[in-house]
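Me: Please take a close look at a single part of this model for me, and then work outward from there. I would enjoy a connected account more than a list.

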Amino acid sequence: MIEARGLTKVFRRADKPPGLAASVRHLVRPRYAEHTAVAGIDLSIGAGEAVAYVGPNGAGKSTTVKMLTGIVHPTAGEIRVCGLDPHRNRHANARNIGVLFGQRTQLWWDLPVRDSLALLRDIYRIPERRYRARLDELEPVLGLAGLLPVLARKLSLGQRMRADLAAALLHDPRVVYLDEPTIGLDVTARDAMRGFLRDLRRTGTTLMITTHDLGDIEEVCDRIVILDAGRIIYDGPVTAIKDRLARDRAVHFTLADACPGVDLSTDLPGSRTVAGEDERRVSVVFDRFVHGAGDVLAAMARHARVVDLSIDEPSIDDVVRRVYAGAIGDALPDRVR
Ligand SMILES: Nc1ncnc2c1ncn2[C@@H]1O[C@H](COP(=O)(O)OP(=O)(O)OP(=O)(O)O)[C@@H](O)[C@H]1O
Ligand SMILES: [Mg+2]
């Protein structure tokens, strides 16, 4: 469905000497600094796959997505999305793809949602009957009815995301790119979004999702591609990378009384007990495949009276950080380039 070979984007940035008066700036020939945002990636995504595309800020994720959607022309390399070159066949390509930018809206800010959707219907030349049917399909899952008369700028973030998703899916695209689809959403809205994306997957739609949230990845995707400085450093199953690199879980306790020197490493072999900011706070870091949070609580209760606790799951950023920190060679021998 998506095929990229040797995909490369080099940006040229004009570096003019600083401190020049605006009136003469245009007379000075700039020196160009070249910056390789995407450095020759190969990617092949099959129909119906849901792929997480992750990496630190500036890794080249958005640039890749912009090339795949046809907005940005690659410096080198080949792309085919549903058999089309997305840049050369921008109009035909637009019918096959949907795009959601969590940080930005594609709705017309000063129009009611209904009018934005109607404009997109005209842009995509969706027949009126098909359009009505599509809105009816999306209604139960996105709860659009209440949103249609509201101006886009008056929507809450969660409502805006639902309306934007409707806009991205109106023409029933075969490939959907989602850039941070759950950013800023509360727990309920986030779960609803993930549920929706899972359902979307079941319809055979191909998904490519950029996110920093491990929950999105685990619940929606089965494959993860990690990008660093424009290169793919991992491409493989989500489970494999999590099982190897995201085993640690932490329970943070608040105790009724100061408990200096408490150590659960005998109760829970392999765990680490870390003193907190004050003597009533202590954290236990353990392998989630060896111990359960319940075991940790029971062990702590044998040493101290527990007032409160919270549990930290590893984040995808932790996984990515560990991949960079050299876990690549030994932990991921099979899939890393
Ligand atoms: N239009 C542009 N002109 C010059 N440089 C650019 C342009 N767009 C992106 N870059 C540079 O390319 C690199 C990759 O940017 P990109 O936006 O693809 O990163 P990203 O992985 O999406 O990061 P983030 O997680 O912050 O969204 C960055 O160093 C960025 O400064
Ligand atoms: Mg980006």
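**A helix across a sheet, and what surrounds it**

Reply: Happy to. Helix H10, residues 293-303, lies across strand S10, strand S12 (281-287) and strand S13. Its direction makes an angle of about 150 degrees with S13. Please keep in mind throughout that this is a predicted model.

The sheet under discussion is an open one of four strands, in the order S11-S12-S10-S13, and its pairing is antiparallel. At the edges are S11 (272-275) and S13 (306-312), each of which pairs on one side only. From one strand to the next, the twist averages 20 degrees. S10, which covers residues 248-255, is joined to S13 by six bridges in the antiparallel sense. If you would like a spot to centre your view on, try His-252, which stands opposite Ser-310 in S13.

Next, look at helix H9, residues 238-245. Its buried residues are Val-238, Ile-241 and Leu-245. Viewed down the axis of H9, these buried residues fall within an arc of 75 degrees, so they line one face of the helix. The spacing fits a familiar rule: an α-helix has 3.6 residues a turn, so residues three or four places apart point the same way.

A second case of a helix lying across strands makes a nice companion to H10. Helix H2 lies across S1, S2 and S4, and runs at about 115 degrees to S1. Those strands make up an open sheet of three, ordered S2-S1-S4 with antiparallel pairing. Here the edge strands are S2 and S4 (76-81), each pairing on one side only. Neighbouring strands in this sheet are turned by 30 degrees against each other on average, if direction is ignored. Twelve bridges hold S1 and S2 in their antiparallel pairing, and Ile-2 has Ile-45 in S2 as its bridge partner.

H2 itself is mostly covered, with seven of its nine residues buried. Among them are Lys-61, Thr-63, Met-67 and Leu-68. Just after the helix, Gly-70 adopts a positive phi of about 95 degrees.

H2 also brings us to ligand 1. The surrounding residues include Phe-11, Arg-13, His-35, Asn-57 and Lys-61. Strand S1 (2-15), strand S2 (31-45) and helix H2 (61-69) are the elements that give two or more residues to this shell. H2 provides the largest share, three residues. Sorted by class, the shell holds three nonpolar, seven polar and two charged residues.

One more stop is strand S6, residues 175-179, where five of five residues are buried. Both of its faces are covered: Val-175, Tyr-177 and Asp-179 are buried on one side, and Val-176 and Leu-178 on the other. S6 has a parallel partner in S5 (residues 97-101), through five bridges. It also runs parallel to S7 (residues 206-210), again through five bridges. Asp-179 is a handy marker for both pairings: Phe-101 stands opposite it, and its bridge partner in S7 is Thr-210.

To return to where we began, H10 lies across S10, S12 and S13, while H2 lies across S1, S2 and S4. Placing the two views side by side is a pleasant way to explore the model.

Key: Residues are numbered from 1 along each chain as its sequence is written. Chains are lettered from A and ligands numbered from 1 in the order in which they are written. This is a predicted model: local features need pLDDT of at least 70, side-chain atom pairs count only at pLDDT 80 or more; totals for chains, interfaces and linings use all residues. A residue is buried if 20 or more other C-beta atoms lie within 10 Å of its own, exposed if 12 or fewer, and partly exposed in between; C-beta atoms are placed from the backbone. The arc is that of the directions from the helix axis to the C-beta atoms. A residue is near a molecule or strand if its C-beta atom, placed from the backbone, lies within 6 Å of it. Ala, Val, Leu, Ile, Met, Phe, Trp, Tyr, Cys and Pro count as nonpolar, Asp, Glu, Lys and Arg as charged, and the others, Gly among them, as polar. Two strands pair if DSSP finds at least two bridges between them. Axes are lines fitted to C-alpha atoms, for helices over the stretch in contact, and angles run from 0 to 180 degrees between N-to-C directions. Two residues are in contact if their C-beta atoms, placed from the backbone, lie within 7 Å.
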